Amino acid sequence: MKRLIWSKHYCIKLLSGASVAAFLLVRWLVSHMSLTASDIGVGLAAADAVVFLLPVQGENVKMSLQCAFLGSVLPVIAGVFLSRTIIIVPFIILMLAAVFAAGLFVKYRSVRDIFQPEQTWKMVEADARWVYLLLFFVFCSFLIVADSIADITLVVAVTTLLAFLYCVLLLRSFFGTTAFLHPGKEKKIKNAIRGMMPAVTLPEESEDETLRMNRLYEKVVSLMENKKPFLDDEFSLADMAASVYTNKSYLSKTINVFSGRNFCQFVNYYRVKYSVDLMKNDPHLRVAELATMSGFHTVVTFNMAFKLNMNLTPSELLAKIRLEPREHPSSCEAGGPEPQFPSSLQDGRS
């Protein structure tokens, strides 16, 4: 539970709510303990701006959290020093544009993500985010116009739309859906991503080379089982290479040859295995909590990896475990299939 509270994704969501409360409190004090509908609308706009900073698949979570913190503080500062409430709306829009410009620079600085199987879903999430961002800009523009002409009815209507947008953005992040495509279409995309990386046959290597790779693989397995670095949602191939004192390309090749998985699939296997242990220890955990506590970026990635390794969804396994008698918490028959992992070279392929 401690890991869930300090998850960067949850911190961004909490910051979005804190930005509303802090902004309204500041405006309430500055305006001598009175709030207008425009104040509430601007506060919700600030919350929407922070939620937009939730990273999609593969984006830098740490940078998103830093930008979200900045995005929650700037409106509060503006609320103190700007006399007219509605001036803060263009300020928030300009801030968000600058943040996304910086985010795009970081996003396209690395080309390797393009070749990952999850890239298709990442593009869907990114496209959906831009559509919602366009709606956000339209609503903010209407709010500016409504306040300038002092039309309280229009201000209330736009404020309601901003509140609705905020709810949709939060629900998207919790349930791992885009709320943009038809659910059936999303399901087809996720199914197409599963199993994209086939197992690789063992290449013709010298005996010494094979032994070196085998020793390296044993170090990797020991690292994952003993230190559990996969619980860090930012754990990367470079981090693992540094931990076992090798380079990324040789490490990636070793993992692929001995496990039949690429690095992401290899790490996700351990996360799934860890999540199964969490389920058995506390069957009342939610799927979103399990995903975060196991090191997954999103619930979507968790569901896809879980289905791939366990042949059933997290919800289905949770339902089985909850029906299991508590005096037998480790029963595999009630808890569903255990993911099998290679312990030697001979049975090391999935």
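Good morning. I begin at glycine 260, which has a positive phi of about 75° and sits just after helix 11. Please bear in mind throughout that this is a predicted model.

Helix 11 itself covers residues 248-259. What span should its 12 residues have, at 1.5 Å a residue? The expected value is 16 Å, and the end C-alpha atoms lie 16 Å apart, so the two agree. The buried residues of this helix are Tyr250, Leu251, Thr254, Ile255, Asn256, Val257, Phe258 and Ser259.

Let me now place that helix in the whole protein. There are 16 helices and zero strands. Of the 350 residues, 49% are buried. Turning to contacts with a separation of 6 or more, 74% of them join residues 24 or more positions apart. The accessible surface amounts to about 17700 Å², and carbon and sulfur atoms hold 64% of that area.

My last topic is a nonpolar patch on the surface. Its members are Val30, Phe69, Val73, Ile77, Val80 and Phe81, and together they have about 550 Å² of accessible area. Which helix gives the most to this patch? That is helix 4, residues 61-81, with five residues. As general background, an α-helix has 3.6 residues a turn, so residues three or four places apart point the same way.

Phenylalanine 81 deserves a closer look. This residue belongs to helix 4. Is phenylalanine 81 buried or exposed? Its relative accessibility is 68%, and because the cut-off for exposed is over 50%, phenylalanine 81 counts as exposed.

Thank you for your attention.

Note on methods
Residues are numbered from 1 along each chain as its sequence is written. This is a predicted model: local features need pLDDT of at least 70, side-chain atom pairs count only at pLDDT 80 or more; totals for chains, interfaces and linings use all residues. Side-chain values use heavy atoms; hydrogens and water are left out. Patches are made of residues with over 30% relative accessible area and no salt bridge: like charges are joined within 9 Å, nonpolar side chains (Val, Leu, Ile, Met, Phe, Trp, Tyr) within 5 Å. Accessible areas come from the Shrake-Rupley method with a 1.4 Å probe; for residues, only the protein chains shown count as cover. A salt bridge is a side-chain nitrogen of Lys or Arg within 4 Å of a carboxyl oxygen of Asp or Glu. Helices (H or I, at least four residues) and strands (E, at least two) are DSSP runs, numbered from the N terminus. Buried means under 20% relative accessible area, exposed over 50%, partly exposed in between (1.4 Å probe, protein chains only). Contact means heavy atoms within 4.5 Å. The expected span of a helix is 1.5 Å times one less than its number of residues.
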